[in-house]
Amino acid sequence: MLHDPNVLKPTYTRAGVRTAAPRFTIPDGEMDPTSAYQMVHDEAMLDGNARLNLATFVATWMGDQADRLYAETYDKNMVDKDEYPRTAAIEEHCWHILGSLWNVPDVEDSIGTSTIGSSEACMLGGLAFKRRWQLARRAAGKSTEKPNLIMSSAVQVCWEKFCNYFEVEPRYVPVTDEHPMLDGSQLEQYVDENTIGVVAIMGVTYTGMYEPVKEIAAALDALQAKTGFDVPIHVDGASGAMIAPFLQPEVEWDFRLERVHSISTSGHKYGLVYPGVGWIVWRTLDALPDELIFRVSYLGGDMPTLALNFSRPGAQVLLQYYQFLRLGREGYTAIQQESQDVAKYIAKGISEIGAFDLWSDGSDIPVFAWQLKPGYTDKWNLYHLSDRLRMKGWLVPAYPMPDNMSDITVQRVVVRNGLSRDLADDLLDDIRVETAWLDALETPMPTQGQKPGFHH
Ligand SMILES: *Cc1c(COP(=O)(O)O)cnc(C)c1O
């Protein structure tokens with residue numbers, strides 16, 4: 001070690017650390033690992049604090065045992081089913097557990113998989129719809145040229161991606177004052193023989209509200225009686241599919257509704273696992289065309305897989321199982337209830353400030369959004385409030401509503417496990433103080449429009 005020129009040098013006086021790092025080309029030489037560590041560590045320090053990031057739905061806290069398990073298993077590749085058969089088996093346990101949470105009628109006849117997140121899960125759900133429709137159309141000697149998928153204009157961007165990447169026409173049902181979400185009332189204008197499915201969202205990302213899946217299903221039943229089109233539903237339950245089974249068990253949104261063919265969720269949102277893991281379950285084997293499934297050898301046998309990725313981390317799947325074991329139904333219910341109580345508490349506090357109208361109050365998923373009261377002020381808007389809060393460390397995004405309502409700006413808070421009452425009070429205090437600061441301005445803030453880079 002004595003020949004190492006860095007050994008006796010204080011960290012920030014070392015070669016490499018004393019000069020700016022190359023950004024876009026690989027360095028010619030090596031650097032000692034402690035210096036490289038320090039440089040990456042320091043640059044990441046400039047990111048926002050994940051725990052104060054109230055924009056994200058994604059888990060930012062799991063606890064010590066989970067952190068230890070993660071550190072022990074980060075080297076596992078999910079795709080190596082033959083080499084890591086127990087991780088593969090745990091994946092199977094997990095989607096079966098989810099299927100049963102979502103009231104799948106016959107566990108033996110269902111099928112599911114983990115994914116890297118809801119986006120991949122939604123793509124797989126969409127692909128199953130598309131292929132099923134193609135097979136039926138071909139069998140009937142009809143054209144498979146123009147598939148379409150029906151969804152709210154407030155869908156998460158992954159559905160726009162699905163339609164773009166896999167060449168399906170998106171048919172967006174606009175959100176309006178009268179119909180603030182997809183509720184089944186206008187479906188007749190959108191469904192035709194080329195409709196591969198309808199997406200219903202449990203937990204709209206903009207506002208946190210549930211779309212009424214049962215009403216959408218009933219509307220499609222009525223439509224089928226009239227037109228013969230048998231249109232399946234995929235429930236995008238990225239957040240809500242891990243909330244509703246615990247907090248609103250009476251709401252029928254899942255496989256209790258026959259029209260629901262598949263459900264996806266993000267294990268890394270209210271599944272309470274670090275990013276990235278998602279899940280999808282199909283109600284029957286029949287709902288997932290066999291030709292989309294690849295068989296890999298597994299313990300000398302055969303394992304069905306379907307995925308867009310090949311390699312991906314296996315640790316998150318183990319963490320999901322850890323959470324199921326650790327928390328059980330009781331623990332999940334307690335945690336989701338606490339998040340919801342905190343969300344409602346903050347929402348109420350915000351509604352009492354006088355400047356804001358709530359869009360939602362956290363009573364579906366623990367997420368709520370508000371807008372400035374119409375006519376409240378010309379001096380500032382929610383982007384300014386967002387900036388002011390950022391100076392205090394809070395990341396609370398403001399963004400426009402979709403399409404028809406894009407003149408309305410909302411601001412949203414996602415309450416996750418780990419946002420304690422105590423922190424909630426700090427947040428409310430800061431929102432009060434910053435609102436008062438903006439109100440007291442003598443000259444208006446410079447206008448500020450939508451910021452680039454916010455992806456709902
Ligand atoms: C977050 C979200 C997604 C995308 O999920 P990822 O796990 O981030 O890929 C899709 N749909 C809805 C409704 C979401 O909230």
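Biologist: Where does M405 lie?
Modeller: This is a predicted model, where local features need pLDDT of at least 70 and side-chain atom pairs count only at pLDDT 80 or more, while totals for chains, interfaces and linings use all residues. Residues are numbered from 1 along each chain as its sequence is written, and side-chain values use heavy atoms, with hydrogens and water left out. Strands are DSSP runs of E, at least two residues, and helices are runs of H or I, at least four, numbered from the N terminus. M405 lies in the loop between β12 (398-400) and β13 (409-414).

Biologist: Is M405 buried or exposed?
Modeller: Buried means under 20% relative accessible area, exposed over 50%, and partly exposed in between (1.4 Å probe, protein chains only). M405 has 5% relative accessibility, so it counts as buried.

Biologist: Which residues does M405 touch?
Modeller: Contact means heavy atoms within 4.5 Å. Leaving out residues up to four places away in sequence, M405 touches V175, T176, D177 and W359.

Biologist: Which element gives the largest share of the largest nonpolar core?
Modeller: A nonpolar core is a set of buried Ala, Val, Leu, Ile, Met, Phe, Trp, Tyr and Cys residues joined through side-chain atoms within 4.5 Å. The largest one has 58 residues, and W102, V213, L220, I233 and W253 have the most contacts inside it. Elements giving it two or more residues include α3 (85-101), α6 (213-227) and α8 (315-351). The largest share, eight residues, comes from α8.

Biologist: From which domains does this core draw at least three residues each?
Modeller: Domain bounds come from an automatic or database domain assignment. That assignment gives domain 1 (11-46), domain 2 (68-323) and domain 3 (337-439). At least three core residues come from each of domain 2 and domain 3.

Biologist: Are helices α9 and α10 parallel or oblique to each other?
Modeller: Axes are lines fitted to C-alpha atoms, for helices over the stretch in contact, and angles run from 0 to 180 degrees between N-to-C directions. Angles under 35 degrees count as roughly parallel, over 145 as roughly antiparallel, 65 to 115 as roughly perpendicular and the rest as oblique. Helix α9 (residues 382-391) and helix α10 (residues 421-439) pack at about 125°, with axes 10 Å apart. The two helices are therefore oblique.

Biologist: Which residues of α10 do H384, L385, R388 and L389 meet?
Modeller: Those four residues belong to α9. Their partners in α10 are D430, I431, E434, T435, W437 and L438.
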